[in-house]
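Trainee: Could we go through this structure together? I would like to understand the reasoning behind the labels.
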Amino acid sequence: MSSGEESPDEGAKAPSLHRRILEDVEGRILSGEWPPGYRIPFEHELTEQYRCSRMTVNKAITELVKRGLIERRRKSGSFVTHPHAQSAVLEIHDIRLEVEQLGLPYRYEQRARLDRPAGAADRRLMELSQQARVTEVTALHFAGVQPFCLEERLINHDAVPEVASETFDDIAPGAWLISRVPWSAAEHRIRAVGADSRVAGLLAIAPGTPCLVVERRTWSGGLYVTRVLLTYPGEKHELVAEFAPTHPKLA
């Protein structure tokens, strides 16, 4: 059978092989072995190297393009991307630092913590298996005496097994993850919402108060690590990014 053909049983092996290719390429990029501008092997070369179908390789490469680690160039191949201005918007900070930069005392308070099987919505959001387990944490961050941010987070046990033994009584899950898990990519969604009665009660604001919600998913080594909703009372928070035009002459 030629290397471009798919064996009868490849469909059952494709997910794990796809992950192996993804993790191998991602590892070379993050380690610096393949620096920005480096052309990664062509898809047919990876097909021969991993003895798999072109579809399996294409799936892995497409995921890396989505994560911003590589870019495809027509007729030239796929290349490791250069850092760009958008990353400034997606920088991940410890919320404690946000509060301290305001010159206010910081306090963290855990409201709920639960280890449980991943539900259907969790599996869809984080591409988890049927057997996956997650830790669900709800916490408040304070600036002085006022609630500053509501944190609602899911953490994938497959990506961070040690989370099962962490209570989060004394450390916020975001700070804990930053210190332990080297995330390789992140996705942010930012929207404005009116606080419902539950959120309003937790943030000590009136129902309907405009809030800024940052939804973030991060992953490492081919696995989703966490999904978090960070809700800020709108009048107390803003997002700032510095950037330059990609094509200055056209600005």
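Trainee: Why is Cys 52 called buried or exposed here?
Mentor: Buried means under 20% relative accessible area, exposed over 50%, and partly exposed in between, with a 1.4 Å probe and protein chains only. Cys 52 has 1% relative accessibility, so Cys 52 counts as buried. Cys 149 has a relative accessible area of 0%, so it is buried too.
Mentor: Keep in mind that this is a predicted model, where local features need pLDDT of at least 70, side-chain atom pairs count only at pLDDT 80 or more, and totals for chains, interfaces and linings use all residues. Residues are numbered from 1 along each chain as its sequence is written, and side-chain values use heavy atoms, leaving out hydrogens and water.

Trainee: How many disulfides does the structure hold?
Mentor: There are 0, where a disulfide is a pair of cysteine sulfur atoms within 2.5 Å.

Trainee: Which residues of α3 are buried, and what do they line?
Mentor: Thr 56, Val 57, Ala 60, Ile 61, Glu 63 and Leu 64 are buried. Seen down the axis of α3, they fall within an arc of 155 degrees (taken from the directions from the axis to the C-beta atoms), so they line one face of the helix. On the other side of α3, Met 55 and Lys 66 are exposed.

Trainee: What makes β1 and β2 a pair?
Mentor: Two strands pair if DSSP finds at least two bridges between them. Here 4 bridges join β1 (residues 70-73) to β2 (residues 77-80), and the strands run antiparallel. Arg 72, for one, has Ser 78 in β2 as its bridge partner.

Conventions:
Helix = DSSP H or I, 4+ residues; strand = E, 2+ residues; numbered from the N terminus.
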